[in-house]
Amino acid sequence: MTDFTLATFNVKNLIGPEKEYYRFEQYTPEEYAWKVDWLADQVLTLNADIIGFQEIFEQEALAAVVAEADARGAELNAAVIPDQTKRYARKAIFRKLQYRAYGPGSLFWAPNSFDGEPGSRRPGLAILSRFGFEGTPMVIQDLARPLEIGLPALGGGEAGSFRLDRLSRPILKARIPVGGQVITVFNCHLKSKLGEYPRKEGTFAPEADLLNYDPVGRAIGEARAALRRMGEAVVMRQLVVDEIKAGYPTFVVGDFNDAENAVSSAIIAGERPFRNYAWLRRHDAKDARDRYSDEEDILIRGAIELVRLYSAEKLFVQKSLRDVVYSSAFGGVYESIDQILMSWHFGPGENAIGTMDYLSVLNDHLTDGSHPEAPYNKLASDHGQLMAHMKLFAE
């Protein structure tokens, strides 16, 4: 039996000092030092075996965070972990307290193909794994085969289509050996809810001029962002289905920029099957009584369950009878937009090869300044960190 932990961590714009990432935005050396210090403490506290990071502009900056966490972990181990000469050295509590360094070959970074000059930078993703990687992780952003979604007209015919040939941020796919099993971890950061407004080179979009507020134009901008996020969710769904059908237990972690019950999240997770399809009229029904058979019901539900993903948050809340999970605070709204999804291999079914024992949520630092009393530090992440405590039943 193997225990392992899997986390997702949006670090909020990690880049070295005095480097302009967005227009007029950069860290002083002191701000950068503070951010590395805070992030290293979070990595140390998580002590996760696998972490999916989002908003990483430079691999070197993240490597510095991991190195600092490893150094602090070694110092902590020296203080609290007894050596093997102590009769109590094998107590289980010390296995829980011990920090394990990540070491060489544990970090893989995926840059953003949209990354540009200072002031127009675009962040990438990274995965940190104590188990290393099975082969080289794959980066998916520029689609070899563009996604095209046709929209049928209500009266028949075609009403247009949506085409997506590049993702706003890469998807990082890594196969990781855990115990005697190889699992697949996808790390993603879907398009945000911030509106998209077309603009000509060297000018600003008219919708960005808040002194001439255009409510309909800004609504259309949000619609563009939602369309892009939905398209990216479809791409993610195809990757997940392919990986599960290839026989790999699969996780999806990252910043979905939408809550668990949002349409984009549901696209990635897949349909939830009905309890019984035998009451449903067949798709090719010849008369009103022509419904699916009991045997076909089993086949339909099996096909849906095979490629369905389960939410770590939902499994945890159902088990613990609590509803206190949130990973984002904006405009006074606290919600979960960072997610961990898992395939049937770790779901509630009887054929599962593992299970989730617990879900840790590090969100005490989250406030958005909406209330006068609320502290706010722009250098800390504006996301909470989620960590699933997993168990493999057999090697």
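Here is a walk through two sheets, the helices that pack on them, and a few residues worth finding on the way. Keep in mind that this is a predicted model.

Let's start with the sheet that holds strand 1. It is an open sheet of six strands, in the order 3-4-2-1-14-13, and the pairing is mixed. At the edges you'll find strand 3 (107-110) and strand 13 (354-362); each has a single partner strand, so one side of each is left without a neighbour in the sheet. Ignoring direction, neighbouring strands here are turned by 15° against each other on average.

Two helices pack on this sheet. Helix 1, residues 29-46, touches strand 1 (2-14), strand 2, strand 13 and strand 14 (385-392). Its direction makes about 165° with that of strand 1. Helix 2, residues 59-80, packs on the sheet too, with strand 1, strand 2, strand 3 and strand 4 as the strands it touches. For helix 2 the angle is quoted against strand 3, and comes to about 155°.

Now zoom in on one pair of strands. Strand 2 (residues 50-56) and strand 4 (residues 124-129) run antiparallel and are joined by six bridges. If you want a single pair to look at, take Ile51, whose bridge partner in strand 4 is Leu128.

Back to helix 2 for a moment, since Val80 sits in it. Val80 has 35% relative accessibility and so counts as partly exposed, the range for that label being 20% to 50%. Together with Leu76 and Leu97, Val80 forms a nonpolar patch on the surface, and the three have about 220 Å² of accessible area together.

Next comes Arg100, in the loop between helix 3 (92-97) and strand 3. Arg100 is partly exposed as well, with a relative accessible area of 42%. Set aside its neighbours within four places in sequence, and Arg100 is in contact with Asn47, Asp49 and Arg130. You can also use Arg100 for a long hop along the chain: Gly384 is 284 residues away in sequence, and the C-alpha to C-alpha separation of the two is 22 Å.

On to the other sheet. This one is also open, with six strands in the order 5-6-7-8-12-9 and mixed pairing. Strand 5 and strand 9 (309-311) are the edge strands, each pairing on one side only. On average, neighbouring strands of this sheet are turned by 30° against each other, again with direction ignored. Helix 4, residues 215-245, packs on the sheet and touches strand 5, strand 6, strand 7, strand 8 (250-255), strand 9 and strand 12 (338-343). The direction of helix 4 makes about 45° with that of strand 6.

Two hairpins in this sheet deserve a stop. Strand 5 (residues 138-152) and strand 6 (residues 158-178) run antiparallel, joined by nine bridges. Along that pairing, Leu147 has Leu164 as its bridge partner in strand 6, while Gly150 is partnered with Ser161. Five residues lie between the strands of this hairpin, where Gly156 takes a positive phi near 110°.

The second hairpin picks up from strand 6. Strand 6 pairs with strand 7 (residues 181-189) in the antiparallel sense, over seven bridges. Here Arg175 stands opposite Thr184 in strand 7. This hairpin has two residues between the strands, and Gly179 takes a positive phi near 60°.

Methods. Residues are numbered from 1 along each chain as its sequence is written. This is a predicted model: local features need pLDDT of at least 70, side-chain atom pairs count only at pLDDT 80 or more; totals for chains, interfaces and linings use all residues. Side-chain values use heavy atoms; hydrogens and water are left out. Two strands pair if DSSP finds at least two bridges between them. Helices (H or I, at least four residues) and strands (E, at least two) are DSSP runs, numbered from the N terminus. Axes are lines fitted to C-alpha atoms, for helices over the stretch in contact, and angles run from 0 to 180 degrees between N-to-C directions. Contact means heavy atoms within 4.5 Å. Patches are made of residues with over 30% relative accessible area and no salt bridge: like charges are joined within 9 Å, nonpolar side chains (Val, Leu, Ile, Met, Phe, Trp, Tyr) within 5 Å. Accessible areas come from the Shrake-Rupley method with a 1.4 Å probe; for residues, only the protein chains shown count as cover. A salt bridge is a side-chain nitrogen of Lys or Arg within 4 Å of a carboxyl oxygen of Asp or Glu. Buried means under 20% relative accessible area, exposed over 50%, partly exposed in between (1.4 Å probe, protein chains only).
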